[in-house]
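Take a look at the structure below. This report starts at the surface and then turns to the aromatic rings.

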Amino acid sequence: MIVLPFTLRAQTSSVNAHSPFSMYGIGEQNTPGALPMRSMGGAGVAWRGAGVINMLNPAGYSAIPQKSFLFNFGVEGQNYYNSQRVSGVDKSSAYNTFNFHDIAFQMPLAKKLGLGFSLSPYSSVGYDIRYDHPYNPDDAVSLNKVQYNYVGDGDITELKLGIGWEVFKNFSVGIAAQYYWGDIKREFMTTTVGIVGNTSPITTAGKSNYSVSRLKGQVGVQWMPIVNERRALTVGATYDFGGDLKPSVSNAIYASGDVQTSVVQNEQMYLSLSLPKQFAFGANYQTPKWTLLADYVYQGWGSGNKGTEMSGTTDGKYFKVGYTNTSTIKLGVEYIPSRYDIRHFLKRWSYRVGFRYGNYNQTFDGHRLAQYAVTAGFGIPVKFLGVTTIDVGLEFGRRGYNVAERIGLVRQQYFKFAVGFTLFAGGENQEYWFLRPKYD
């Protein structure tokens, strides 16, 4: 109760991204899932276990044991490095961000029936772009210089509440309600200076604000065709309904200069703020030492979002920006040398690596931008034979390198460092939070 209000306030007042690609639509999508899953490439649709918070599939909520409680909290820092070749010269910028990533818990409602809750940033907008266009005698209107400035910030947060039910042995279904809210602000300013006479500078400034408050839904299933003491195989799938977020929009353009300052309505069309219909399928193979995860995620960004937006580069090129459907492959591995080794502490750690590859959800004049990420991390058990852990995760990713050099777009790479805490109370570690004692 103390942590939640402060993290909420920090999330709405901090920038979670610093990327020129967040200029369009809902901005940068954050990698979903608790830190153990994000350290394994973001896979986990089929991951299931008593100590696993599965923020990807509500069917996993049914795995929580009775008389137990599972809580997770995570923070994440990011370093963005953007580079671009402009008129034969390489230019670059770097920026650091830091904020909370998720708050989540799972608890049992009845036998084979569990409840799950999570709060996490879904997408973030953060950019500050400046460009000075020098005087060109070939311009239709002779101007000394034109200065452009584009600034944007904001985020959309997802609150998720659902239940998972093991309908019959080794088969579970889940359903969740997802509430999205947030504000995205975008501003631009253009200042022109004439070269004839005593013409005053003319400034045009535009402001747009998008306020989101919308309810969506998700369904999921998990099935364990193989389960015994030596190994277990789980397959799972989810479907997100998606749809237009229908933000409340206020925008205007302010113009000043030789004439009296005036306000006009901004009729420029932008990419819609919407969520894709998403289908995800995953498999999970587990032994006492190994956990292998593989996910395929399809997002239908372009199916219901046909709008476009014009964008330009400093070399005078212009691109039509639009949504496109995406496919992403996620792979992850976890290795625990000896979970019950009482003498060697490091052998009880969980070691994780992962990989993710797909394409970005926007195209530039039809060009798709490839993106990939390499992840790693480890989990430190707080107590022998306990489930409570401190998790550390790293991620390195790149975007746009397949076409950026050829068409003049920004090449982006980023590095993320995250710390998470998973707290478990139950029979496994002899901590009962919601059990009335027999003797006082």
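## Surface and overall build

How much area does the chain expose, and what share of it do carbon and sulfur atoms supply? The exposed area is about 21700 Å². Carbon and sulfur atoms supply 59% of that. Keep in mind that this is a predicted model.

The chain has 440 residues, and 48% of them count as buried. Its secondary structure comes to three helices and 21 strands. Now take the contacts between residues at least 6 apart in sequence. Of these, 68% join residues at least 24 apart.

## A nonpolar patch

Part of the surface is a nonpolar patch of about 690 Å². Eight side chains need no guessing here: the patch is made by Leu109, Ile163, Ile175, Val219, Tyr239, Phe241, Phe279 and Phe281.

Phe279 belongs to strand E13, residues 277–286. Its relative accessible area is 38%, so Phe279 is partly exposed, between the cut-offs of 20% and 50%.

## Aromatic pairs

How many aromatic pairs does a search of the whole structure find? It finds 16. One of them joins Phe21 and Phe364. The ring centres are 6.1 Å apart and the planes stand at 75 degrees, so this pair is edge-to-face. Edge-to-face calls for an angle over 60 degrees.

The pair links distant parts of the chain. Phe21 is in the loop between helix H1 (3–13) and strand E1 (28–29). Phe364 is in strand E18, residues 350–364. The two are 343 residues apart. Are these rings buried or exposed? Phe21 has 3% relative accessibility and counts as buried. Phe364 is buried too, at 2%. Ring pairs also link Phe21 and Phe364 with Tyr24 and Tyr360 into a cluster.

## A stacked pair

Trp301 and Tyr323 make another pair. Their ring centres are 5.4 Å apart, and their planes are at 20 degrees. Stacked means under 30 degrees, so this pair is stacked.

Where do the two residues sit? Trp301 is in the loop between strand E14 (290–300) and strand E15 (308–312). Tyr323 is in strand E16, residues 318–323. They are 22 residues apart, and the pair links distant parts of the chain. Trp301 is buried, with a relative accessible area of 0%. Tyr323 is buried as well, with 9%.

## A charge over a ring

One more ring has a charged partner. The charged end of Arg398 sits over the ring of Tyr401. It lies 3.6 Å from the ring centre.

Definitions and conventions. Residues numbered from 1 in each chain as written. Predicted model: local features only at pLDDT ≥ 70, side-chain atom pairs only at ≥ 80, totals over all residues. Heavy atoms only, no water. Phe/Tyr/Trp six-rings, centres within 6.5 Å; stacked < 30°, edge-to-face > 60°. Helix = DSSP H or I, 4+ residues; strand = E, 2+ residues; numbered from the N terminus. Buried < 20%, exposed > 50% of the residue type's maximum accessible area, 1.4 Å probe, protein only. Lys NZ or Arg CZ within 6 Å of the ring centre and 35° of its normal. Patch = residues over 30% accessible without salt bridge, like charges linked within 9 Å, V, L, I, M, F, W, Y side chains within 5 Å. Areas by Shrake-Rupley, 256 points an atom, 1.4 Å probe, with all protein chains shown as cover. Salt bridge = Lys/Arg side-chain N within 4 Å of Asp/Glu carboxyl O. Contact = heavy atoms within 4.5 Å.
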